[in-house]
Amino acid sequence: MRLSGELAALATALCWTITALSFEVAGKRIGSLTLNLLRLVAAIFLLALWSGFQRGLPFPTDASGHTWLWLSVSGVVGFAVGDLCLFRAFVVIGSRLSMLLMAFGVVLAKPVLKDTNIFWATTVRIVGGMAFLLVHGALSKHRAAVLEALRPSRRWKFALPAALIGTYVAMLLWLWGMKLTH
């Protein structure tokens, strides 16, 4: 389909509109660091399930070191630093203004997307973002929030819907759109 990349980008915008409102509410209830970790854990679980079904491997163990590097850095910039700031902005200034200011780490992923499965690209980006958040949380005053985020609790009900739509569906659509457009 000639416009599939552009249609994926439009679908991404719709998903992020829904997700921004969900993350604003969830961030106010459970905090931005906890929300960020919970949604990444949920998304990586969904991606591992799908990748295991699709290719027989839950993680992109056959991707090159070059690909892992670019996608991991993209994940740190986009999922860890960028989204941590974005989720805090949702709480402080609201979702509408935050989305106007949003700008993503996916540009760093563009050089390796052409030859990479988008499910696995998203997985590697999430691994990079999660690793950064866990190290950052463990070395900062937010250590207790990181540990609390990883425990099963009612907090998951706030993060799971937004993780499914925003981190799983929208991210896949976004990378698909980036891969298919110039």
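Here is a friendly conversation about how the helices of this predicted model pack together.

Colleague: Let's begin with two helices, H3 and H6. Are they roughly parallel or oblique to each other?

Modeller: H3 covers residues 65–93, and H6 covers residues 118–139. Their axes come within 7 Å and cross at roughly 55 degrees. Angles under 35 degrees count as roughly parallel and 65 to 115 as roughly perpendicular, so H3 and H6 are oblique to each other.

Colleague: Which class of residue, nonpolar, polar or charged, has 13 members in the contact of H3 with H6?

Modeller: On the H3 side, the residues that meet H6 include Trp-68, Leu-71, Phe-79 and Leu-84. On the H6 side, they include Val-124, Ile-126, Phe-132 and Leu-133. H3 passes H6 in a right-handed crossing. By class, this contact of H3 with H6 has one charged residue, eight polar ones and 13 that are nonpolar.

Colleague: Thanks! Now to H6 and H8. How are they oriented, oblique or roughly antiparallel?

Modeller: H6 and H8 pack with their axes 9 Å apart, at an angle of about 120 degrees. Roughly antiparallel would need an angle over 145 degrees, and roughly perpendicular runs from 65 to 115. That makes H6, relative to H8, oblique.

Colleague: How many charged residues does the contact of H6 with H8 have?

Modeller: H6 passes H8 in a right-handed crossing. H6 brings Ile-118, Phe-119 and Arg-125, among others, while H8 brings residues including Tyr-168, Trp-176 and Lys-179. By class, the contact of H6 with H8 has nine nonpolar residues, two polar and, for the charged ones, two.

Colleague: And what about H1 and H8, are they oblique or roughly antiparallel?

Modeller: The axes of H1 and H8 are 8 Å apart, and the two helices pack at an angle of about 155 degrees. Their crossing is left-handed. Angles over 145 degrees count as roughly antiparallel, so H1 is, relative to H8, roughly antiparallel.

Colleague: Which helix gives the largest share of the largest nonpolar core?

Modeller: That core has 45 residues, and those with the most contacts inside it are Leu-35, Phe-119, Ile-126 and Leu-133. Helices H1, H2, H3, H5, H6, H7 and H8 each supply at least two residues of this core. The largest share is 10 residues, and the helix they come from is H8.

Colleague: Leu-35 came up there. Leaving aside neighbours within four places in sequence, which residues is Leu-35 in contact with?

Modeller: Leu-35 is among the residues with the most contacts inside the largest nonpolar core. With those sequence neighbours left aside, its contacts are Phe-23, Ala-26, Gly-27, Ile-30, Phe-87 and Ala-159.

Colleague: Is Ala-149 buried or exposed?

Modeller: Ala-149 lies in helix H7. Beyond its neighbours within four places in sequence, Ala-149 is in contact with Thr-34, Leu-37, Leu-38 and Trp-156. The cut-off for buried is under 20% relative accessible area; Ala-149 has 1%, so Ala-149 is buried.

Colleague: One more residue, Ile-93. Is Ile-93 buried or partly exposed?

Modeller: Ile-93 is found in helix H3. Buried means under 20% relative accessible area and exposed means over 50%. With a value of 40%, Ile-93 is therefore partly exposed.

Colleague: How far apart in space are Ile-93 and Gly-177, C-alpha to C-alpha?

Modeller: Along the sequence, Ile-93 and Gly-177 are 84 residues apart. In space, from C-alpha to C-alpha, the distance between Ile-93 and Gly-177 is 29 Å.

Methods:
Residues are numbered from 1 along each chain as its sequence is written. This is a predicted model: local features need pLDDT of at least 70, side-chain atom pairs count only at pLDDT 80 or more; totals for chains, interfaces and linings use all residues. Side-chain values use heavy atoms; hydrogens and water are left out. Helices (H or I, at least four residues) and strands (E, at least two) are DSSP runs, numbered from the N terminus. Buried means under 20% relative accessible area, exposed over 50%, partly exposed in between (1.4 Å probe, protein chains only). Axes are lines fitted to C-alpha atoms, for helices over the stretch in contact, and angles run from 0 to 180 degrees between N-to-C directions. A crossing is left-handed if the near helix is turned anticlockwise from the far one by less than a right angle, and right-handed if clockwise. Contact means heavy atoms within 4.5 Å. Ala, Val, Leu, Ile, Met, Phe, Trp, Tyr, Cys and Pro count as nonpolar, Asp, Glu, Lys and Arg as charged, and the others, Gly among them, as polar. A nonpolar core is a set of buried Ala, Val, Leu, Ile, Met, Phe, Trp, Tyr and Cys residues joined through side-chain atoms within 4.5 Å.
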